[in-house]
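Here are some exercises to work through with the model open beside you. Try each task on your own before you read its solution.

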Amino acid sequence: MEPELQLYHHTLQQGGGVVSSVHGNFRAPRSPDIILNKGSVLELYSVEIDATEDNPSVMSLVLSTRVFGLIRSISAFRLIGSNVDSLVIGSDSGILMVVRYSEEQRDWVEVAQATYGRTGARRTVPGQYVAVDPKGRAVSISALEKTRLVYTMTREGGGAGDEEVGGTRAKTVISSPVEAAHAGVLTFDYVGIDVGYGNPVFAALEVETKGVDKDPTGRIAAKLSKLVAFYELDLGLNHVFRKRPTAVPPSAHRLIPIPKAKSVAPGMPAGGGVLVCSEDHLMYINPTMEKQ
C-alpha cells in the first residue's frame, strides 16, 4: 500500500513582526548578543559596542533560523558553572527546548528537552510564558490559564557534544516537572526574580476568574482585580507554594524583575522584587517586604 501523502503549509516570505526579544552572551563570554523572536524565525544579532560616527550600525545579523512551528516565548538561561547563555524556548510543539549556539557548526544545537503538553497554542497548555531563575537552578513554563510547571536544572557527566565546564564535559539534565497549577487564574506576565541563593521564586501577574463564565450579567467580571503573586519552589520539599498575592492597578500589564543588590542602606530592601508597569504608574513589590 502506498504511503499517505502529507503536506505542510509554509510561507515563502518570513514574518517581520517581533514577538519578543532577549539579550545575553550566547556566542562567547562577554559578547553582547540580542535574539529576536519573530514567531517562526529566530534571529541572532551581535552588538558592536565600539561603534563610531562613521560606522553607526551597532547590530549585525549572525544567524537567522527558521523553524517549522510557532515560537511562543524565549528566555536566556545560564546554568551554574557555564560562562555562556543558553536559550529556553516555549513553542506550540508541546516541548520545552534548551539550545545553545555552536561556533563550530554556526547553528543552534540541542542541550535538553522536556515534553509538557499537547501540540498547539492552547489556553491551558504551557508555553506562552517562560521564566528562569537568575542563578540558573530552575526554569518555569506557564500557560495563559491555570497550568504552570517548574523544572530544576542540573548537570551530569556528558559526551563529546556536550558543553565543557571546568575542563570536563557536562550534560544538562531537566528534572521531572513540579506542578504549580492554580485553577481559575488568567496570567498576563510571568518572570523569575533574583533572591540570591534562596529558594527560586517566580512572579506572576494574574487575575482570578472564578465564576466569570457562569455570570451572564458581567458583574463579576467588572469587579475583578489584578494581582501579583509569587510562586516559590522549595528545593528541599520539591513543592511550589503560592505566596503573598498583592493587588495592583487594573491597567497593570508588565513585570520587570529587579536584580538583587550586594549592599544596601539599613532598612532598605536589597532588591529581588519586581516593577509593575501600569498606565502612568510604576509599583515596586518585594516578597520579603511587609509594606509595598
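**Exercise 1. Find the acidic partner of R27, and state how buried or exposed each side of the pair is.**

Step 1. The side chain of R27 meets that of D33 in a salt bridge, 2.8 Å from N to O. A salt bridge here is a side-chain nitrogen of Lys or Arg within 4 Å of a carboxyl oxygen of Asp or Glu. This is a predicted model, so local features need pLDDT of at least 70 and side-chain atom pairs count only at pLDDT 80 or more, while totals for chains, interfaces and linings use all residues. Residues are numbered from 1 along each chain as its sequence is written, and side-chain values use heavy atoms, with hydrogens and water left out.

Step 2. R27 has a relative accessible area of 28% and is partly exposed, whereas D33, at 2%, counts as buried. The cut-offs are under 20% for buried and over 50% for exposed, with partly exposed in between (1.4 Å probe, protein chains only).

**Exercise 2. Which residues do D85 and D133 meet in salt bridges, and how accessible are the partners?**

Step 1. D85 meets R78 at 2.9 Å, N to O. D85 is buried at 9%, and R78 is partly exposed at 31%.

Step 2. D133 meets R137 at 2.8 Å, N to O. Both ends count as buried: R137 has 11% relative accessibility and D133 has 2%.

Step 3. Now widen the view: the structure holds eleven salt bridges. R148, E206, E208 and R242 are linked in a network of them.

**Exercise 3. Describe the surroundings of strand β6 (residues 86–91).**

Step 1. Check burial. Six of the six residues of β6 are buried, so the strand is largely enclosed by the rest of the structure. Strands are DSSP runs (E, at least two residues), numbered from the N terminus.

Step 2. Sort the side chains. S86, V88 and G90 point one way, and L87, I89 and S91 the other. In a regular strand the side chains alternate between the two faces of the sheet.

Step 3. Look for partners; two strands pair if DSSP finds at least two bridges between them. β5 runs antiparallel to β6, joined by six bridges, and I74 stands opposite I89. β7 (residues 95–102) is also antiparallel to β6, over four bridges, with V99 as the partner of L87.

Step 4. Follow the chain from β6 to β7: the two form a hairpin with three residues between them, and G94 in the turn has a positive phi of about 80°.

**Exercise 4. Work out the strand order of the open sheet of three strands, and say which strands stand at its edges.**

Step 1. The order is β19-β20-β21, with antiparallel pairing.

Step 2. β19 and β21 (281–285) each have a single partner strand, so one side of each is left without a neighbour in the sheet.

Step 3. For the pairing of β19 with β20 (residues 274–278), count four bridges. One of the contacts to find is I256 with its bridge partner L275 in β20.

**Exercise 5. Which element gives the largest share of the lining of the largest pocket?**

Solution. β5 does, with six residues.
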